[in-house]
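This briefing covers the enclosed spaces, one open pocket and one surface patch of a protein. Look through the sequence and the structure before reading the points below.

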Amino acid sequence: MTILPRLLIRVILVTLLSMTAVQAHEVQPAVADIEVGDTSVTVTLRAAVEPMIAGLDLDGLENTNDSPLSDASDALRALDPDALSSALEAAWPDIAARITLQVGDTQLTLNLVQSDIPPVGNAELRRDSTLLLTADLPPGDTPVVFGWEASLGSLIVRQTAEDAATDAYEALLTSGALTDPLPRSGVADVSLGETILRYVVSGFDHIVPKGLDHILFVLGLFLYSLAWRPLVWQVTSFTLAHTVTLALASLGIINIPDSQMWLVETIIAASIVYVAVENIFGGKRTTIGWGRIGVVFGFGLLHGLGFASVLSEFGLGSHFVASLISFNVGVELGQIAVIAVAFLLLGAPFGQRPWYRSVVVIPGSTVIAVIGVYWILNRIGMAGDIPGLA
C-alpha cells in the first residue's frame with residue numbers, strides 16, 4: 001500500500017470520528033420569544049438546558065465535547081423529564097443570575113414558571129426544552145433590555161406585540177450582547193442599515209464556520225474543475241436555486257414540517273456524495289455540461305430549504321426584502337470565501353501540476369463523499385426517533 005492511500009484512510013477515519021462528536025453535541029443558539037406588557041414581561045425560551053445546569057461555558061464553543069464539563073452535561077441528557085425538571089429548578093437561581101433583564105438601572109429576576117421537557121429519546125442528540133419565564137415590571141413606560149452572559153451561548157431574541165406596527169423585532173446576541181430597548185407598547189424599531197448588516201453576518205456565519213455541509217458541497221463544486229467557466233456556471237445555478245426556495249419558504253409558500261426536515265437534510269447529504277463521486281469518476285474537465293448544471297440547480301433548491309430553517313428561527317422582521325437579499329449576500333460571501341481559500345491553498349500552487357487530480361481532486365473528493373455517506377446514515381437513523389416513522 002502506498003503512502004497516499006494510507007494517509008487517505010487515516011484522514012477518513014479521523015474525520016468520521018470527529019463528525020460523530022460534532023453531530024451529536026453541536027452548540028446551537030437558544031431562542032427567546034419575549035412579550036413586554038405594561039406590568040410584566042414574559043419570555044418563552046427554547047434551549048438545551050443540560051449545558052446550563054451543568055455550568056458549561058458555551059462562549060465560542062462549537063460542541064459540548066470540547067468542555068471539561070461535558071460528562072456532566074451528557075449525564076443530564078439521559079435523565080427523564082421529571083428528573084431533569086427537578087435539576088433545572090435547583091439550578092435556576094444560578095442560571096437566572098446570569099440573565100440580564102433591566103428596566104433603566106433596575107435589574108429584575110426572571111421566575112421559572114413552567115418547563116416543558118421532551119422525553120429522552122436518543123440521549124446522544126440535542127434535546128430542546130421550552131421554559132416559561134416571567135417577571136413583574138415597575139410602574140412607568142421605561143423599556144426593557146434583555147440578554148444573558150456569554151457563557152450561556154448565543155441567543156436569538158424575538159419580540160412580538162399585538163399592537164405592533166411591524167411584524168417583529170429580532171436580534172442575534174453573541175458574546176453577552178444585549179437587545180435594543182424593548183418598548184412596552186409595540187416592538188423595538190431597527191433601522192434598515194442595522195437589518196442589512198445583521199442578515200449579511202448571519203448568512204456568512206451560516207456558511208463559515210457553521211455550515212460544514214454547505215462548505216463540503218461548495219468544495220465539491222471547486223474540485224470539479226479549475227477552469228473558471230465550469231465553476232461560475234455551477235455557483236450561479238446553485239445560488240439561483242437556493243435563492244428561489246429560500247424566498248418561497250420564507251414567504252410560507254413552501255412549508256416543510258420540522259418532523260420532515262431530516263429528509264431534506266438527508267438529501268442535502270446525498271447531494272454532497274453525488275458531486276464528490278462525479279468528481280472522482282468523471283475525469284479531468286475544462287468544460288461543463290447542462291446535466292451537471294441541472295443537477296447542481298436541483299440540489300441548490302434543497303439547500304435553500306436548509307437555509308430557510310435558519311430564517312424560520314431568526315425571522316425576517318419588517319424589512320423582509322432587504323433581510324432576504326442580505327442573508328443571500330452573506331451566504332454568497334461565505335461561499336466565495338470557501339472557494340478563495342481552496343484556490344489559494346490548492347488551486348494556485350498545485351493546480352497545473354500533473355499530479356493535481358490524483359493527489360488533490362480524487363483524495364479530497366473521496367473524503368467529502370465518505371463524510372456525506374456518514375451523514376446520510378446518521379440522518380436516516382434520526383428518523384427512528386420521530387413519531388410515526390419509527
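**Surface patch, cavities and a pocket**

Helix α10, which spans residues 320–350, supplies the largest share of the nonpolar patch, namely 5 residues. The structure is a predicted model. Besides this patch, it holds 2 cavities of 30 Å³ or more, and its second largest pocket has a volume of about 330 Å³.

**The nonpolar patch**

- The patch lies on the surface and covers about 520 Å².
- Its members are Phe204, Val321, Ile325, Val329, Leu333 and Ile336.
- One of these residues, Leu333, is found in helix α10.
- Leu333 counts as partly exposed because its relative accessibility is 41%, a value in between the 20% limit for buried and the 50% limit for exposed.

**The largest cavity**

- The largest cavity contains about 170 Å³ of space.
- A total of 19 residues line the largest cavity, and those closest to its centre are Gln28, Ala48, Pro51, Leu58 and Arg126.
- Two or more lining residues come from each of the helices α2 (49–54) and α3 (70–77).
- Of the elements, α2 contributes the most to this lining, with 3 residues.
- Sorted by class, the lining of the largest cavity consists of 9 nonpolar, 5 polar and 5 charged residues.

**The second largest cavity**

- The volume of the second largest cavity is about 30 Å³.
- Its lining includes Gly147, Trp148, Glu149, Gly153 and Leu155.
- Leu173, Thr174, Ser175, Gly176 and Ala177 also line this cavity.
- By class, the lining of the second largest cavity has 4 nonpolar residues, 5 polar residues and 1 charged residue.
- Glu149 is the charged residue in this lining, because Asp, Glu, Lys and Arg are the residues that count as charged.

**The second largest pocket**

- About 330 Å³ of space lies in the second largest pocket.
- The lining of this pocket is made up of 17 residues, and Leu226, Lys284, Arg285, Gly351 and Tyr356 lie nearest its centre.
- The elements that give two or more residues to this lining are α6 (212–224) and α11 (356–382).
- The lining of the second largest pocket divides by class into 8 nonpolar, 5 polar and 4 charged residues.

Note on methods: Residues numbered from 1 in each chain as written. Predicted model: local features only at pLDDT ≥ 70, side-chain atom pairs only at ≥ 80, totals over all residues. Heavy atoms only, no water. 1 Å grid on protein atoms, 1.4 Å probe; cavity = no way out; pocket = protein on both sides within 12 Å on 5 of 7 lines; lining within 4 Å. Points joined across faces, edges and corners; volume = space filled by probe spheres on them. Helix = DSSP H or I, 4+ residues; strand = E, 2+ residues; numbered from the N terminus. Patch = residues over 30% accessible without salt bridge, like charges linked within 9 Å, V, L, I, M, F, W, Y side chains within 5 Å. Areas by Shrake-Rupley, 256 points an atom, 1.4 Å probe, with all protein chains shown as cover. Salt bridge = Lys/Arg side-chain N within 4 Å of Asp/Glu carboxyl O. Buried < 20%, exposed > 50% of the residue type's maximum accessible area, 1.4 Å probe, protein only.
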